[in-house]
Amino acid sequence: MAVLRIHTIPGDEELLRRRAAEVKEFGAELRKIADDMLETLPVAQGIGLAAPQVGHSIRMVLIDISHTGTKEKPAPPPFFLVNPVILEGEGTASLAEGCLSVPGVRVEVPRKAKIRVEAQDLAGKQLAFEAGGILSIVIQHELDHLDGKLYLDRLSSLKRERLLKRLREERDAAAGKTARA
Ligand code: ZN
């Protein structure tokens with residue numbers, strides 16, 4: 001297992017903006033990527049990770065909301081969704097989302113409150129379930145990554161431009177510091 005580098009913007013647009021390929025083979029290679037993602041996510045302190053974020057342009061995401069559980073209502077352990085699709089959604093919800101690929105930005109993004117999901121597991125078995133609350137939002141966030149979308153795309157263009165400008169300025173400032181050090 002290995003901790004993988006998380007691709008970020010600005011810089012890694014090529015991979016993050018690509019539509020990821022469907023997974024057709026459920027073998028050792030897929031399992032290896034999954035193991036690496038499992039090792040990477042806690043180090044990055046995230047609750048979700050899409051394979052393209054760590055350099056694999058395939059339709060697989062890892063969800064880990066295990067910390068949101070209580071004794072009475074335990075949250076599910078970390079799990080993978082392969083080739084996931086959202087069949088239907090209802091209601092609206094939002095919470096301040098962050099993204100490991102867009103460091104330093106937290107912003108509320110409009111989402112569906114409840115969704116119905118179909119996917120496969122790591123062995124290729126079909127899954128179907130409904131999700132609400134934070135689970136619904138993290139799944140919608142991660143699935144966007146598979147289509148080359150970032151949560152910033154769901155903001156108004158004015159808001160998005162402001163954020164991207166700030167990120168570029170911060171990056172240039174950091175680069176300046178490094179150059180002087
Ligand atoms: Zn993200």
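Below, a student and a tutor talk through a predicted model, looking at its zinc ion, an aromatic pair and two pockets.

Student: Which protein atoms are the donors of the zinc ion?

Tutor: Good place to start! Look for protein atoms lying 2.0 to 2.3 Å from the zinc ion. One cysteine and two histidines turn up there, and the donors are C99 (SG), H141 (NE2) and H145 (NE2).

Student: What spacing do the donors of the zinc ion follow along the chain?

Tutor: Take the donors in chain order, starting from C99 and going on to H141 and H145. Written as a pattern, their spacing is C-x41-H-x3-H.

Student: How many residues apart in sequence are the parts that C99 and H141 tie together?

Tutor: Let's place each residue in its element. C99 belongs to strand β4 (residues 96-99), while H141 sits in helix α3 (residues 133-146). The pair therefore ties together parts of the chain whose separation in sequence is 42 residues.

Student: Is C99 buried or exposed?

Tutor: Here the cut-off helps: buried means under 20% relative accessible area, and exposed means over 50%. H141 falls in the buried class, and C99 is likewise buried.

Student: Which residues form an aromatic pair, and what is the angle between the planes?

Tutor: A search of the whole structure gives 1 aromatic pair. F79 and F129 form this pair, with 6.5 Å from centre to centre. Planes over 60 degrees apart count as edge-to-face, and this pair is edge-to-face at 90 degrees.

Student: Which strands hold F79 and F129?

Tutor: The two residues are 50 residues apart, so the pair links distant parts of the chain. F79 is in strand β3 (residues 79-93), and F129 is in strand β7 (residues 126-131).

Student: Which class has 12 residues in the lining of the largest pocket?

Tutor: The largest pocket holds about 400 Å³ of space. Of its 22 lining residues, the closest to the centre are I47, E97, G98, C99 and R106; C99 is also a donor of the zinc ion. Divided by class, the lining has 3 charged residues, 7 polar ones and 12 that are nonpolar.

Student: Which element gives the most to the lining of the second largest pocket?

Tutor: This pocket has a volume of about 290 Å³, and the residues closest to its centre include I86, Q140 and R154. At least two lining residues each come from β3, β6 (111-120) and α3. With 4 residues, the element giving the most is β3.

Conventions: Residues are numbered from 1 along each chain as its sequence is written. This is a predicted model: local features need pLDDT of at least 70, side-chain atom pairs count only at pLDDT 80 or more; totals for chains, interfaces and linings use all residues. Side-chain values use heavy atoms; hydrogens and water are left out. Donors are N, O and S atoms within 2.8 Å of the metal (3.2 Å for Na, K and Ca); water is not among the atoms, so sites may look incomplete. Buried means under 20% relative accessible area, exposed over 50%, partly exposed in between (1.4 Å probe, protein chains only). Rings of Phe, Tyr and Trp (its six-membered ring) pair if their centres lie within 6.5 Å; planes under 30 degrees apart count as stacked, over 60 as edge-to-face and the rest as tilted. On a 1 Å grid over the protein atoms alone, a cavity is a set of points where a 1.4 Å probe fits but cannot get out, and a pocket is an open set with protein on both sides within 12 Å along at least five of seven lines; lining residues have an atom within 4 Å of a point. Grid points are joined across faces, edges and corners, and a volume is the space filled by probe spheres set on the points. Ala, Val, Leu, Ile, Met, Phe, Trp, Tyr, Cys and Pro count as nonpolar, Asp, Glu, Lys and Arg as charged, and the others, Gly among them, as polar.
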